[in-house]
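Thanks for coming. I will walk through one structure this morning, starting with its helices and ending with some backbone details.

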Amino acid sequence: MNSLLLKSKEMKITEVPEPKEVLLPLKGFDEEKEKLKIKEGSRVKTGEELIPGVYSTVTGTITGIDIMSFAGTDLTILRIAVSETDEIAPEITAAADYLEKDAAELLKKLNRANLGFDEELKDIKTVIISAVDTEPLAASYQQFLIENPDTVTEGLKLIKHLTAAGKVFLALPEPLLSSAANLTAGAADIFPVKPVYPNGLPEILTRDISRKYDTGKTAFLKIEKLVAAVLALRDGKPFSHKVITAAGKGKIKNLKVRIGTPLKDLLQDMQPGENEKVMIGGPMMGTACYNTDLPVTADVDMIYVQDAAEIVKNENNQCMNCGKCVEVCPAHLSVNLIGRYAEFSIFEQCRDLGIQHCIECGLCAYYCPSGRSLVQFIQLAKSELEKIEAEKIETEGEDVE
Amino acid sequence: MKLVVSSPPHWHEKLTVSKIHYNFILALLPAVIYAIFTYGMPAVRVMTLAVATAVIADILIRLAFRKPVTATDGSAFLIGLLFALILPPSVPYWFVIIGSFLCITIGKEIFGGLGSNPLNPVLVGWAILHISWPGYLNFNLAVANYNLDFPLHYPLTMLKNGGSELISGFNFLDLLLGKQVGGMGAAAVLLILIGGIYLLLRKIISWEIPFFFAVGVVVMSAVFWLSNSAVYANPLFHLLTGNVMIGMFFLATDYASSPFNKWGMIVFGLGIGVLTVILRTLSVYPDGVIFAILIMNLFTPLLDRIKNNPKPLAINHIERR
């Protein structure tokens, strides 16, 4: 249907030298409450809790708090100067016999190790573990599978233990099928995926698997987190490193970086020039950044530098009704109509056309010959619909009174 | 250092509106060459006049409406060219100018320009002329002064007047190779087919409309033919004559006036095919393709309401951190 192939070439993961400074976004930071804990000059260990739910990914000294702007929101960023020796917080312990322990206790331990597992995992029917990359240039998930086969096998057993899920699926790109056949050791079913965008997106994977099997309540897990979970429980290593694909300037590579490393440290040999674009995420769903000071966070899988000549200028011409967007939409939405309704602020019609099913994969705008910013229109309509919904609830409340 | 910031996706397939129109024109090129070789300078005269009028009319009307001039996107050029290719080569100059002007103004721009026209612009112009001055669209008179190596009778008029006995002289291979009287480019059935296949391969048009158009023609004409083969022509004759081939790939597939979802396209194609044969057989007009397309164009908004079921992608529990 479309020609956006996912990468299937092997790319060795190379380790990046330790950064001098690590930046950590403090989610839900409340200055009043947490002033005492985070003090300039105080030392933190890797895995130490900074504020509730945020853990340090490095050993070092706090040097200050900053505000940075990314994708329209302001992030509170904690700066930590990295020490030479890496010390792990004493709360994180290794246990070779972890598989014999209680699942609830293990989940708590995993969250303590900065893995952010959901407590809801307990009553899940199906778990999908994905080794399929989400973006056209990315290749970090599949490389993870290639380089850590034994840990993956162990991780699958762990998942079975943690969730009591009836089914565990390991989704992997078709080219890897032969080399990974014995990997699951009976703990999971293999689900081969055509290496074409957007087949690796969690929503699409979950739908495709639920079409073939009876799945019920489903959880989705990146393969990297599966491996990190094993390392945390077995070896007592908190989740402090992340594998990402860095692409740009004709280069493409897999890097193992410490979470919190600023982008500029990773872009040494692909330095963006004037009027070029740097994005966190890939070419289809990535978010462009204002500067390269932003850090790599736990949910970043890719960074991409785009040359000035390759930057797409949205013309936003009139829709010529060619129907290409309808043809490629994985949710089978009438994108042409949604785009036009959104453009002329008729948001209720967008809802009737099923706009809530859009996952913003960007295929419509990629193919649109008129260069319309369809994803932006959809985002606008979604946020306006949310406002309308909120207003409705408010006025209904008044009526009751 | 300044970085560029914009919303995703950051890639584009780079098939633009102009490229689509130029591809259409490229696909019509064999038929244009056929027209020039078969009919000589009169064909060149009609084609250049039609294209020039269309482009100039497009520029003028957009200036008058205070909209950006988009003549370079090839849309007006394509409309003018298609209009010329379904005309006989002998039409007077004023006829071409009026027709081409009507295509652009009443067919396209008055509704808001590219993408907003409810009917195929080419056919709007053609239909107005056909009803106003039917005499000039007589294909038999048009070739009266020519000395060509094929029978100088419009096959569909023969069928209308004399039933299937009169058309037994036509050989299907000749019809396929364009050795027949008809629209100056539309008669080159094989060359149009090649152009159409090119568009299909480039994925500029989708296969549903042409395929089900053909299915409609074949099925409906087979019904007539099997009921009385002495009066009605066989399906192959219907496929290879008149505007069926050019209609299939170039006229019915006009983006704005055809449905955009699969089921709509299927019904649309079938409808045109069936109506074409019914009009050819039962109406006073020899060829029904153009009116069939115009009628089905009117159904397009309705056909677009055939539910294009949104496939829910929101799932109960996804962990995306």
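I begin with helix α7 of chain B, residues 155-166. A straight helix of 12 residues would span 16 Å at 1.5 Å a residue, but the end C-alpha atoms of α7(B) are only 9 Å apart. Please keep in mind that this is a predicted model. Which residues of α7(B) are buried? They are B:P155, B:L156, B:M158, B:L159, B:G163 and B:S164. The packing partners of these buried residues are α8, α11 and α13 (262-282) of chain B.

Next is helix α9 of chain B, residues 189-201. Its 13 residues, at 1.5 Å each, should span 18 Å, and the end C-alpha atoms are indeed 18 Å apart, so expectation and model agree. In α9(B) the buried positions are B:V189, B:I192, B:G195, B:G196 and B:L199. Around the axis these residues cover an arc of only 125°, which means that they sit on the same side of α9(B). What do they pack against? The answer is α1 (17-39), α8 (172-176), α11 (235-240) and α12 (244-251), in chain B. After α9(B) comes B:K203, with a positive phi near 60°.

Now a pair of helices. In chain B, helix α2 (residues 41-64) and helix α4 (residues 93-108) have axes that come within 8 Å and cross at roughly 40°. That crossing is right-handed. On the α2(B) side, the residues that meet α4(B) include B:R45, B:L49, B:T53, B:A57 and B:I61. Among those they meet in α4(B) are B:Y93, B:I97, B:F101 and B:K108.

The loop between α2 and α3 (75-85) of chain B holds B:R66. Although B:R66 is not a glycine, its phi is positive, about 55°. Is B:R66 buried or exposed? Its relative accessible area is 76%, so B:R66 is exposed, the cut-off being over 50%.

On to the interior. As background, nonpolar side chains in soluble globular proteins tend to be buried together. The largest nonpolar core here has 93 residues, and those that touch the most other members are B:F24, B:M47, B:L85, B:I86, B:L87, B:I246 and B:F250. The element that gives the most to this core is α1(B), with 10 residues. Apart from it there is another core, of 44 residues, including A:Y98, A:I159, A:L162 and A:L176.

One residue from the 93-residue list can serve as an example. Leaving aside residues up to four places away in sequence, B:I86 touches B:V122, B:L123, B:W126, B:F139, B:G183, B:A186, B:N243, B:I246, B:L251 and B:I290.

Let me turn to chain A and its loops. A:E48 is in the loop between β3 (43-44) and β4 (49-51). With a relative accessibility of 26%, A:E48 counts as partly exposed. Which residues does A:E48 touch, not counting those up to four places away in sequence? They are A:R43, A:V54, A:Y55, A:S56, A:A89 and A:R112. From A:E48 to A:V152 is 104 residues along the chain, and their C-alpha atoms are 26 Å apart.

A second loop, between β9 (167-173) and β10 (189-193) of chain A, contains A:A181. A:A181 has a relative accessible area of 45% and is therefore partly exposed. The C-alpha atoms of A:A181 and A:E10 are separated by 18 Å, with the two positions 171 residues apart along the chain count.

Last, the backbone. In general, most residues other than glycine have a negative phi, and most peptide bonds are trans. Where does the model have a cis peptide bond? One joins A:Y197 and A:P198, with omega about 5°. A:P198 is placed in the loop between β10 and α5 (202-212) of chain A. Another cis bond runs from B:P8 to B:P9, with omega near -5°. B:P9 belongs to the segment before α1 of chain B.

A:E360 is not a glycine, yet its phi is positive at about 60°. A:E360 is found in the loop between α10 (347-352) and α11 (363-367) of chain A. Its relative accessibility is 22%, so A:E360 counts as partly exposed.

That is the end of my tour.

Note on methods:
Residues are numbered from 1 along each chain as its sequence is written. Chains are lettered from A and ligands numbered from 1 in the order in which they are written. This is a predicted model: local features need pLDDT of at least 70, side-chain atom pairs count only at pLDDT 80 or more; totals for chains, interfaces and linings use all residues. Side-chain values use heavy atoms; hydrogens and water are left out. Helices (H or I, at least four residues) and strands (E, at least two) are DSSP runs, numbered from the N terminus. The expected span of a helix is 1.5 Å times one less than its number of residues. Buried means under 20% relative accessible area, exposed over 50%, partly exposed in between (1.4 Å probe, protein chains only). The arc is that of the directions from the helix axis to the C-beta atoms. Contact means heavy atoms within 4.5 Å. A nonpolar core is a set of buried Ala, Val, Leu, Ile, Met, Phe, Trp, Tyr and Cys residues joined through side-chain atoms within 4.5 Å. Axes are lines fitted to C-alpha atoms, for helices over the stretch in contact, and angles run from 0 to 180 degrees between N-to-C directions. A crossing is left-handed if the near helix is turned anticlockwise from the far one by less than a right angle, and right-handed if clockwise.
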